[in-house]
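Visitor: I am new to this structure and would like to learn how to read its features one by one. Could you take me through it slowly?

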Amino acid sequence: MIGKKTPRLLLLAVAIGIVASGIMLSVFDGQYRWLANEIVETGSSEFDQILQAEFELVARAQLAVAAMGIGRVIESDQAADVERALNAALIDNQTLIGIRLVSDSGQSHRAGNIAVDDNPLETRWFDERLIIGMPLVIEGNEVGQLSAVFDVTGLRAESRRFAAALRNKQLESRRISYLWAGAGTLAALLLCGGVIWLVVRNQTKRIRALKIQAEKLRDADFGEPLLVSRKDELGDLASVFNDMRHRLRKTTHSRDYVDSILSGMNEAIIVTSDDGTITRINAATTQLLGYEEEELFNVSIDFVVNTSKGPSLATDSPSGLPKEAIFESKFGESIPVSYTCSIIDSTDGTSARRIYAAQNITERRRAEKRIRYLARIDPLTKIPNRMQFQHLLQRGIARARRSGKSLCMFYVDIDYFKEINDTFGHLAGDTTLETVAERLAAALPVNSVIGRLAGDEFAVIIDDMSPDELGKDKTTALAQKLLDRLADPFFVQGNEVFMTASLGIAYYPKDAPNVIDLIRNADAALYHSKKSGGNVYSYYAPKMNEASVERLMTKSKLKRAFERDELLVHYQPKYNLETGEVFGAEALVRWELPDRGLILPADFIPIAEETNLIIEIGEWVLDKVCEDFRLWQMSVSSPGRVSVNLSLKQLRQKNFIKRISSILRSHEVSPTSLELEITETTLMENPERTIKMLDQLYALGLHLAIDDFGTGYSSLSALQQFPISTLKIDQSFVRDVVTNPDDATIVDTIIQMGRNMNMDVVAEGVETEAQLVFLQKLGCTYVQGHLFGDPMSSDNYQELLRAQADGTDTYRALFG
């Protein structure tokens, strides 16, 4: 159809073009003639004015020069001198044809062709001459008037020549314009015909092609929105481009935006190629290492890594877990970092890239080292604590076993230490413990090891002490020496204090073959000394193990505790330090024996661990907690979060996750209402399996906490891998937090670390208001302890929640 219309449209376009061209040429000719005449006349007139102005300016300048020469002779009043000066002016200026001077006295002098003039100061133009006048002034006084006649015939001739040249140029320009107008008209006719033919033939095809291409390129950026003025194919094209721009604005980020994100990050970001060559760093990297981006560009990432202290990062395989490395700064400083590596797959066929995000962990390493030290060393006496002592005893036993020698252990306990505390205060008690440690260190052989096992209990390892007669004599002498030294009085707060100690002695391998048994038997000997009145020593004898028999009896009774319904669950409330509200509680199992009364967990949980009864007890406690929680929900809107202790043997069960899920579903209790407490030792027993187990528990919605934090050996970097939300500070650190700077440092460090890792922190064992206030100042999150009463039954905890809802909770006043 387009092809049929083409000849007709082409003829119509040619006809319209010819008519339009004729009209345009006619108008052009008339306008051109009028305009050309106007230009010639105006140009000639303006040229004459310019020439006259320039000539007059030059003439006046010449007359002024002549006036200066005349002024020098007019004072002589000699007519001959004046006329010579006038003639000299005529000679110096070719266009000057006459000059006249009229002095103020009326005398007249002239030279050349000049007439008498009534008004010598008037300027007048004639066809062939110009008359100019000016006053003659000497030293500010007018002494006469000068008038001069200049020849302007040359000026007139030049003006006529310019007018003639302008007319000739106008005629030549007219001829050329006609030629160009004719040629342009012909070209325009040909061009219009060709363009119309091409536009009609190709417009629709080109528009459709552009529309398809625009849809393909919808993910590119084409600037500002297009104006949609008509509902045609061009309008559709504009709509496609606008839609494309709208999508790009939503889905793409500019390089500047990415740069601003990288620059604002606190972590050092290093982007490398797949082979480890650095291609980009952010500002945090520059601050960390001291290198500018240009210095590290196209350099291997191992250039900034101390590969002698760790693996190569260029060949390291990425993983989702954080790793640690040592960076070397520009100034030679070793910087420990925690980093993660991610792979960015390429979409354009080029090799993949790596992104390393590194964080300076220098301060964390220091804190970790400090906590590790304080976890092994008793902060008060600066000697090994129970855990470290057991480790050192194990090493001592190993040495004795290899050498075939014996080893002796002293178990020391201060007699009536509680009375010293109660009489003189805890500060005096701390001084007493420090004095015991110092006196033991001074009285013992050089290679002896001293440790603090509990509050006022100390232990000593002495090598090469045998149980034969000679060795026993040495042991007896040393034991008596220690007791005598410890019995020396000392002063506390100006008061003389007397103390004594009891001592139990056991040998390896005679009395026990391992650490646990050796400590237990030495403790049995110490118990015998205590029963003997104190301030004596006792050697271990098998008959002292009657307590072990009692332990066996306890074990058998524990197996029947389920059948007899002797187990109880009590709840110790946890309070929010900021609001004073009950946040939740910790579930604590108790055993009530008819003949012994209430037995605390410390007396039967270790037995349950040995016999695997801990699995049954753990499930029973969780079931009981869920049952109580449902009852609380019927009367209280928010019973809080209840934490339950989790043992290592429970975690080792293959179906542990299913069993917990089943208990929660049976009672219709939300997993978010419960928190499982795990010790550091349990966490680190098998980290890889534990991580998977805890991730599954976390996925259920359960909260996870580390119990007795600070007493184990977990690495802070390892803790980052566990989905832990709460740290519980062991009560051994909280007990003396107000008076002991070391305990205060540990507690503050744990609180700050928990805050930096976005974890809640619970302080256990709060017993005094001073401890409560101190923990508030440190910014601890939650507290629990006997300050708020003993652990209570389910009904009493429910009453506490109701009292809190009614505003009658008696303990909230403590948080004011």
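**Reading strands, helices and salt bridges**

Guide: Let us begin with strand pairing in this predicted model: strand β3 (residues 124-125) and strand β4 (residues 129-138) run antiparallel and are joined by two bridges. Within this pairing, W125 has L130 of β4 as its bridge partner, and the connection from β3 to β4 is a hairpin through three residues.

Visitor: How many bridges join β4 to strand β5, and which residue stands opposite M134 there?

Guide: There are 10 bridges between β4 and β5 (residues 141-151), and these strands run antiparallel, with M134 standing opposite L146 of β5. The hairpin of β4 and β5 has two residues between the strands, and in that hairpin E139 takes a positive phi near 50°.

Visitor: When several strands come together in a sheet, what should I look for in their order?

Guide: As a general idea, the side chains in a regular strand alternate between the two faces of the sheet. In this structure, an open sheet of five strands follows the order β12-β13-β11-β16-β17, and its pairing is mixed. Its edge strands, each pairing on one side only, are β12 (449-452) and β17 (537-539), while the twist from one strand to the next averages 20°.

Visitor: How does β12 pair with β13, and which helix packs on the sheet?

Guide: β12 runs antiparallel to β13 (residues 457-463), and four bridges join them; within this pair, V449 stands opposite I461 in β13. The helix that packs on the sheet is α9 (residues 386-403), which touches β11 (407-414), β12, β13 and β16 (501-508), and its direction makes about 155° with that of β11.

Visitor: Turning to charged side chains, how many salt bridges does the structure hold, and where can I see one that links distant parts of the chain?

Guide: The structure holds 24 salt bridges, and one of them is formed by the side chains of D742 and R370, at 3.3 Å from N to O. D742 belongs to helix α23 (residues 741-756) and R370 to helix α8 (residues 362-376), so that pair links distant parts of the chain, 372 residues apart.

Visitor: Are D742 and R370 buried or partly exposed, and why?

Guide: Buried means under 20% relative accessible area, so D742 counts as buried because its relative accessibility is 15%. R370, at 32% relative accessibility, counts as partly exposed.

Visitor: Which residue forms a salt bridge with R452 in strand β12?

Guide: That residue is D378, and the closest N and O atoms of the pair are 3.0 Å apart. D378 sits in the loop between α8 and α9, whereas R452 is in strand β12, 74 residues apart from it, and the pair links distant parts of the chain. D378 is buried, with a relative accessible area of 9%, and R452 also counts as buried, at 14% relative accessibility.

Visitor: Where do E619 and R659 lie?

Guide: The side chains of E619 and R659 meet in a salt bridge at 2.1 Å, N to O. E619 lies in helix α16 (residues 613-635) and R659 in helix α18 (residues 656-667), so the pair ties together parts that are 40 residues apart in sequence. Beyond such pairs, E586, E677, K728 and E764 are linked in a network of salt bridges.

Visitor: Which residues make the nonpolar surface patch of about 330 Å²?

Guide: The patch is made by W34, L35 and I39. W34 has its place in helix α1 (residues 2-71), and W34 is exposed because its relative accessible area is 52%, where exposed means over 50%.

Conventions:
Residues are numbered from 1 along each chain as its sequence is written. This is a predicted model: local features need pLDDT of at least 70, side-chain atom pairs count only at pLDDT 80 or more; totals for chains, interfaces and linings use all residues. Side-chain values use heavy atoms; hydrogens and water are left out. Two strands pair if DSSP finds at least two bridges between them. Axes are lines fitted to C-alpha atoms, for helices over the stretch in contact, and angles run from 0 to 180 degrees between N-to-C directions. Contact means heavy atoms within 4.5 Å. Patches are made of residues with over 30% relative accessible area and no salt bridge: like charges are joined within 9 Å, nonpolar side chains (Val, Leu, Ile, Met, Phe, Trp, Tyr) within 5 Å. Accessible areas come from the Shrake-Rupley method with a 1.4 Å probe; for residues, only the protein chains shown count as cover. A salt bridge is a side-chain nitrogen of Lys or Arg within 4 Å of a carboxyl oxygen of Asp or Glu. Buried means under 20% relative accessible area, exposed over 50%, partly exposed in between (1.4 Å probe, protein chains only).
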